[in-house]
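Colleague: Got a minute? I'd like a quick tour of this one.
Modeller: Sure, here it comes.

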Amino acid sequence: MSSAVCALVAALLAAAPGAAAQSAQGACASSKPNSACTAIPQTALEPRASPSTAPGLPSPADTADGDRIVDRPIAPHGAGWKVARVPLAPFLLFGTGFEKGLKRLEYDHLQLKLKHWMQQLERKHIQPMLGGLGTGTGFAVGVKIFDHEFLHRRVRLEIPLQQSPSNYLQYGSLLAFNLAGERALFLEFSAQFRNRPKEDFFGLGNDSVAAFRTTYKLVDRSAGAALGTEFFGRTNRGMKSGVRLEASARYINTNIYGGLDDNFPVTQAVFPTLNGLARGSSLLRYGFSGSYYILDNPSDPHAGFRARAKYYRVDSRNSDPFNFNESGATAEGYIPLGKPRTLALRLLSEFRSARNGGRVPFYHLPFLGGSSTMRGFREFRFYDNAALLINLEYRYRVWKALDLVVFHDNGQVAPRGADFTWERFRGGFGGGMRVKGKKGATLQFFVGRSSEGTRYYISFKPEF
Amino acid sequence: MPRLRALLTALLAASLVAPPFADARQKPSRRRALAVDNDMKDIPEPKRYRDAQFYDFFDATFFQQPRQTFDLTRWNGPRPAYNVNSEDQVPDSSWFTNRNARRLMSLDEIRRGPNNGGGPPETRGPWTIIGRKESGITPGFRMKDAAGEVWFIKFDSLENPELATGAEMVSTKLYYASGYNTTENYIVRFDPAIVQIAPDATIVDSTGFECAMAPADVTEMMKQVPKLADGRVRAMASRLLAGKPKGPFKYHGRRKDDPNDWIPHEHRRELRGLRVVASWLNDNDIRERNTLDMYVTENGKRFLRHYLIDYGSSLGSDTLFPNIDRAGFEYIFDGGEIGKSAMSLGLYQPPWLGNRPVRYASVGNFEAGTFRPERWKPNYPIMAFDNLTAVDAYWGARIVLSFTDAQIRAAVESAEYSDKAAAEYLVQTLIERRERIGRHWLQLAGGLDHFRMVTGTNGEMAMQFDDLTVQRGYAEPAERIYRHRVRNGKKAGPWHEFKAAGNLDGVVSLKPGSVAFPSWEQVIEVQVRNAPESRWSPGVAVTAGVDAGEARIFGWVRAES
């Protein structure tokens, strides 16, 4: 063993490039005559023909045919690299495969072909869908059948279908009519089916305990209509503005079952008296919503303001006493801090207030927790009748397609808006990155830390 | 056993530690400095190497750095370039030919550049399109002219006439005069009606499939191309290089099927020093895809000759558009700059941030005010450029400095810019960038060169050299302090400081008799500094002695730091 190691060491030392070259090239050049350095052939010491005419510039005639500047091929890497190749072998194999794949992509014009096939699909009114289905659903794939001139150039039909690996399923349909201009007046009819098998519930209130995590399955079917108006414009300073006002009515039928996440008890076992748990609900929701924005770039804002508000009445369509009002408002502000930096602020409030002695099904309550609301906490961590949220994000661009983010989220839930206090706020902070495409942020990674630990998030659709 | 184990562990550790400075440069000796590296021996025909530009980007951006990190021999810094002769010059080879830096080329030679063939294609036609351009994003095609010669025709974009073709013409002349192998390029003006399509000409359309080229494809292409007032089209015609194309060369490693390729490319002086020339020309798109190995036959021998091609992204051009602000300052994905921005929470602002207006559409985004030669970067990392040492950069800077104002003007004239003010702006910008290159790299390396023996008035031999920093006006003669000492083997004598009295022309002589020249060789080390500073420049070790009864300089070696 030891002799083998010695042999290996000796071989490595001998393989060090340059050493041999150095010894071959004039190592004795500066020695006095009659020194021990007699290894150099005498021909190398014979003076050459006529000296250069220009100072310091050799004459090509001085060199012999066949001379090379080095005396043998030189290995590109040293002995250390040869040793390092052993642990790096998997990466080198990956690199080789990667190179072959990219060559294939380029020489077979696979990018263009893929684009062509996508266009062919679109001509057949089919579009693949990639992304999430909302908070906590994971990555979903699907397809959308669409026709933007369904029977008429002002009629749009869309039928999306998506499913995630964790069995979250969603499909629906949308039939939209542009009654005047470019959505100056629109009428939409839509229907949707959702199957959410692993929803989390921790209990009601700001002080709910993280350890009381339970799971339930929500299946809902809804159908409705909306009538509204939408305008876009541009301000004098080049900012884009938009207004959307909508009146809508929607019927929602919800059924609740035991959740399919085997790691946690079902909600029915831990919280058996929750409103809406036993029999689900059949509700009619009708009301108004509106939004207004002035932004430099609505899909990736760095300056401007956006506000949304809504008010709905929700009535039970069966004997269950689920009659309540739903209201909320959101305000977002974007403050530029020099070209690559933006301060983004969001204030969000949501309220549910029962009417006529009614109650609110727990799954219609506002919630906080997760990548879309309060980072650092689990999805759906806090439920109650009222929710208040403040998000503060410092975003700065480090590369054309990449922003880094430092954030602080603060929120609270309460039985009523009047119960909000400074002390009740729960906060999370952290950082992350936003990967941006042509239409704004397409992928976000966050790490959030709170009193309940550290959580990691990936989201496909930025909330703000 | 424990002692033996410890010894073996130490030996193994020692084998992994970077070996001492492995300097394989040709050492000064009584033999003349090698002027030609004979890497043009007959070789069997190599395979055609197909590169992948996407992989090239990933490899250069993400894999190269770790690869270099694990190259332990680099831990002491890049090793000296291998192909340097005993006078710190690069011998002529299949890669490089000493031109303007060796002998000042005439203005006609500058204008002509590599054009040694029969001139531009005849524009009376017909021109028969035989296929699309194999690479690049500028619109264009391959064609055979009436004489049967094959040409690559490249156009400018509609929005930026003369931008890409102008940049490519100027850079061709300057790269060629610098010593690199380039293509023959001509500005042509032709009537689109002379263009016809060969029956077997193909094009890759938007579906990604290859199909026969149709007249509609040519019509569509011509719609995207600017027209002159008389309806003709300006283009750049590039003659097909002689030989068989064998794909690009890499800026690292060696070509395995080329027996002449002995030196790892990242250790070739002319590829390292190319960074300096490329920075001068802001050729930020320099990369593997824009090189070409041609299997040529010359003097009865067949070998690979190595070319630089495609300079449509040089100067202020990004082929179809003016350069973006980042060009020349950052890689496309620059981990270092991203890291600085990330760590500083966005407070670090890159120097290129902020719009710089484009003054002339035909010149694009090209200026000298923010140019820092040491910080210039191409679009993505190139290993040979990463290995640039101060001595390599000095070599490159000497090439750039060899160009006179008139030569630069002659190169710009070959681009035939219609706007003379734009042409003059380009000339002045190139001159200013040249001076910035000289000022930085000469001062870093000391600027001492052209060591020679002269006979003094009393018949004594003295060593003389040029202080290029003074000759270029980057330092005042009165400020410069020199010192020398003699070294015999490992024994070094004391330093002797002196000033060069009356040194207005930058020529410095050691006082006759201050150094004896024995019958054997000895090394005279020379350094310089500017008076206000305390740091001496890296030394130049000049080997001198008596040869056939005559005191002679045998060569010199520059210290890397």
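Modeller: Start in chain A. Strands β14(A) and β15 (residues 402–414) pair antiparallel, over 13 bridges. Keep in mind that this is a predicted model.

Colleague: How many residues sit between β14(A) and β15(A)?
Modeller: Two residues lie between them, and the pair forms a hairpin.

Colleague: Which residue is the bridge partner of A:R397 in β15(A)?
Modeller: That is A:D403.

Colleague: What about strand β11 of chain A and its pairing with β14?
Modeller: β11 covers residues 341–354 of chain A, and β14 covers residues 386–399. They pair in the antiparallel sense over 11 bridges. For a spot to click on, take A:L345, whose bridge partner in β14(A) is A:L392.

Colleague: Let's move along chain A. How many bridges join β2 to β3?
Modeller: Seven bridges do that. β2 is residues 139–147, β3 is residues 155–163, and they run antiparallel. A:K144 stands opposite A:P160 in β3(A).

Colleague: And from β3(A) to β4, how many bridges are there?
Modeller: Seven bridges join β3(A) to β4, which is residues 169–180 of chain A. Those strands run antiparallel as well. Look for A:V155, which stands opposite A:F177 in β4(A).

Colleague: Which residue takes a positive phi in the hairpin of β3(A) and β4(A)?
Modeller: A:N167, with phi near 70 degrees. That hairpin has five residues between its strands.

Colleague: Where does A:H125 lie?
Modeller: In the loop between α5 and β1 (126–132) of chain A. Its phi is near 65 degrees, a positive value in a residue other than glycine.

Colleague: You mentioned α5. Which patch residue is found in that helix?
Modeller: A:L114 is found there, and α5 spans residues 110–123 of chain A. A:L114 helps make a nonpolar surface patch of about 460 Å². The others in the patch are A:W117, A:M118, A:L121 and B:F209.

Colleague: Chain B now. What is the order of the strands in its three-stranded open sheet?
Modeller: β9-β10-β11, with antiparallel pairing. The edge strands are β9 (244–245) and β11 (301–308), and each pairs on one side only.

Colleague: How many bridges join β10 to β11(B)?
Modeller: Eight, and the two strands run antiparallel. β10 is residues 291–298 of chain B. One bridge pair to find is B:Y295 with B:L304 in β11(B).

Colleague: Any odd peptide bonds to look at? Which residues does the cis one join?
Modeller: B:G125 and B:P126, with omega about -5 degrees. B:P126 is in the loop between α3 (107–112) and β1 (127–132) of chain B.

Colleague: Last topic: empty space. How many cavities of 30 Å³ or more are there?
Modeller: The count comes to seven. The largest has a volume of about 90 Å³. It is lined by 13 residues, and the closest to its centre are B:D56, B:Q64, B:Y251, B:H252 and B:P381.

Colleague: How do you find a space like that?
Modeller: Roll a probe the size of a water molecule over the atoms, and it shows where empty space is left.

Colleague: Which helix gives the largest share of the lining of the largest cavity?
Modeller: Helix α2 (residues 53–69) of chain B, with four residues.

Colleague: How do the residues of that lining divide into nonpolar, polar and charged?
Modeller: Six are nonpolar, two are polar and five are charged.

Colleague: Great, that's my tour done.

Methods:
Residues are numbered from 1 along each chain as its sequence is written. Chains are lettered from A and ligands numbered from 1 in the order in which they are written. This is a predicted model: local features need pLDDT of at least 70, side-chain atom pairs count only at pLDDT 80 or more; totals for chains, interfaces and linings use all residues. Side-chain values use heavy atoms; hydrogens and water are left out. Patches are made of residues with over 30% relative accessible area and no salt bridge: like charges are joined within 9 Å, nonpolar side chains (Val, Leu, Ile, Met, Phe, Trp, Tyr) within 5 Å. Accessible areas come from the Shrake-Rupley method with a 1.4 Å probe; for residues, only the protein chains shown count as cover. A salt bridge is a side-chain nitrogen of Lys or Arg within 4 Å of a carboxyl oxygen of Asp or Glu. Two strands pair if DSSP finds at least two bridges between them. On a 1 Å grid over the protein atoms alone, a cavity is a set of points where a 1.4 Å probe fits but cannot get out, and a pocket is an open set with protein on both sides within 12 Å along at least five of seven lines; lining residues have an atom within 4 Å of a point. Grid points are joined across faces, edges and corners, and a volume is the space filled by probe spheres set on the points. Ala, Val, Leu, Ile, Met, Phe, Trp, Tyr, Cys and Pro count as nonpolar, Asp, Glu, Lys and Arg as charged, and the others, Gly among them, as polar.
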